[in-house]
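Colleague: Please take a close look at a single part of this model and explain how that part fits in with the rest. Start with how far the prediction can be trusted.

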Amino acid sequence: MFSRELLKGTLRTIILKLLAEKGRMYGYEISQYVKTQSDGRLQLTEGALYPSLHKLEKEGLVKVEREQVGKRMRKYYSLTVAGEKASRSRLAEFEEFLQVMQLIIQPKTQGDGS
Amino acid sequence: MAPELTDFHIHYIKARLEEEGLEYGPLKEELLDHLCCAIEDQMKDGAHFHIACEKAFAAFGKDGIQKIQLQTIRSLNQKSQLMKIIAAAVLFLLGAYSSHHLLTDSEPTLEAHCEDICCEVPTYADWGEEPPSIRPVKGHWKVSSGFGMRMHPIQKKKIHHRGIDLKAPLGTPVVATADGEVFKVHRHKKGHGLHIYIQHDDTYTTMYAHLSEIKVEEGQKVDKGTVIGLVGNSGFSTAPHLHYEVIENGKRVDPSSFMTL
């Protein structure tokens, strides 16, 4: 597991990105998807996921649709228009951040072999 | 083909969720669906319903359902009546549960059982989102003075109480209420006497005062539940007690709403 300093702030980016990519997803699906995509190296805990989803909903970035699945209800989340915008800008910011980190962690050698 | 849970199964899971203290409506159907999915996945691999069910609940960790509920409500910033009612109900239920537990102490119950199943309980702190949640004093204690306006026992005038006083016997262990780092250790003769500040994250800091002994050093990392000192009577204090403060974004808030677990 990664340290909390690293993970903090990435959760919303992950959720927004996944919803942008997949259209709509439900809680369990998100947690399983993250787990498989990361080869089990990233475990999105329920205790972090659901509070974030509810917060995103309150902020108007995601919307909820309820659907009967078998004998129970399922809550699907999808992005609102504001959510799509937030998803794009957050992802762009994150990618830029990764590039900058890369520059710092693995600086390109300056000049040509002096 | 995916096995589908029966009405009976779903009712059973629902009842378990309620037993675990889930009361917040918007989360109810969602966590029910989550658990059903997890159980179905396990049954697909051949597990029996009851084993799959235990595993699915165990994956949430101890008091996990209540933690999700609290964090959801907290993240929505509804420090309203609802929150207070739920916190009070949870406190009451836990009180009833633990007093019952004391009487039947020798039974190795569900708790031990769960520990067996879930060796890898995910921690909420991993995502840096956990506010202080447990009671800072182990063993017997009672609130001798709450948060807010009160008559000061020494100054004999009404002033705002920035924390909560927990009356407990001298030497009772005091524990960190969330993971964090010991930010400051003070050994004053007056005021708060021996006291400790612990920084948990960008949002939360907690403070523990009037200790008789300090068991940590500045800069030390502590886990939730680590004993950091002992209850005492140091500084301006008339009897052994712990003065406990929760500081949220630099502002003192009522610690009782955080002492839920």
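Modeller: pLDDT is the predictor's confidence in each residue, and its scale runs from 0 to 100. The model is a predicted one, so confidence comes before detail. In chain A the lowest value belongs to helix H1 (residues 4–7), with a mean of 72, and the highest to strand E1(A), at 96. The mean for chain A as a whole is 88, and 91% of its residues reach 70 or more.

Chain B has a mean pLDDT of 80, with 80% of its residues at 70 or more. Within chain B, strand E10 (residues 227–231) has the highest confidence, at 95, and helix H6 (residues 110–117) the lowest, at a mean of 32. Over residues 102–126 of chain B the value stays under 50, and the model has 23 contacts beyond four places in sequence for that stretch. Where pLDDT is low, the predicted coordinates should not be read in detail. For the complex, the predictor gives an ipTM of 0.84 and a pTM of 0.56.

The part chosen here is helix H2 of chain B, residues 25–44. Its length can be checked with simple arithmetic. The helix has 20 residues, and at 1.5 Å a residue it should span 28 Å; the C-alpha atoms at its ends are 29 Å apart, which agrees. After H2(B) comes B:Gly46, which has a positive phi, near 100 degrees.

Next, burial. The buried residues of H2(B) are B:Leu27, B:Glu30, B:Leu31, B:Asp33, B:His34, B:Leu35, B:Cys36, B:Cys37, B:Ala38 and B:Ile39.

What does H2(B) have to do with chain A? Between the two chains, 29 residues of chain B are in contact with 24 residues of chain A. On the side of chain B that touches chain A, helix H1 (7–19), H2 and helix H4 (64–75) of chain B each supply at least two residues. H2(B) gives the most to this side, with 10 residues. By type, the residues on that side of chain B are 15 nonpolar, six polar and eight charged.

The partner, chain A, has five helices and three strands. Along its sequence they follow the pattern α-α-β-α-α-β-β-α. Chain A has 114 residues, of which 28% count as buried. Among its contacts with a separation of 6 or more, 48% are between residues 24 or more positions apart.

H2(B) also belongs to the largest nonpolar core, which has 41 residues. The residues with the most contacts inside this core are A:Ile15, B:Ile39 and B:Ala56. From chain A, helix H2 (10–22), strand E1 (24–26), helix H3 (27–37), helix H4 (46–58) and strand E3 (72–79) each give two or more residues to this core, and from chain B so do H2, helix H3 (49–58) and H4. H2(B) provides the largest share, seven residues. B:Ala56 shows one set of these links: setting aside neighbours within four places in sequence, B:Ala56 is in contact with B:Leu35, B:Ala38 and B:Ile39. Those three residues are among the buried residues of H2(B). Another core lies apart from the largest one; it has 28 residues, among them B:Leu166, B:Val231, B:Ile247 and B:Phe258.

Two further residues of chain B deserve a look for their backbone angles. Most residues other than glycine have a negative phi. B:Asp63 is not a glycine, yet its phi is positive, near 60 degrees. B:Asp63 sits in the loop between H3 and H4 of chain B, the two helices that join H2(B) in giving residues of chain B to the largest core. B:Asp63 has 18 C-beta neighbours inside 10 Å and therefore counts as partly exposed. B:His210 is also not a glycine and has a positive phi of about 65 degrees. B:His210 lies in strand E8 (residues 204–214) of chain B. Because 26 other C-beta atoms lie within 10 Å of B:His210, this residue is buried.

To return to the chosen part: H2(B) gives the most residues to the side of chain B that touches chain A, and the largest share of the largest core also comes from H2(B).

Definitions and conventions:
Residues numbered from 1 in each chain as written. Chains lettered and ligands numbered in written order. Predicted model: local features only at pLDDT ≥ 70, side-chain atom pairs only at ≥ 80, totals over all residues. Helix = DSSP H or I, 4+ residues; strand = E, 2+ residues; numbered from the N terminus. Contact = placed C-beta atoms within 7 Å. Expected span 1.5 Å × (residues − 1). Buried ≥ 20, exposed ≤ 12 C-beta atoms within 10 Å, placed from the backbone. Nonpolar A, V, L, I, M, F, W, Y, C, P; charged D, E, K, R; others polar. Core = buried A, V, L, I, M, F, W, Y, C linked by C-beta atoms within 7 Å.
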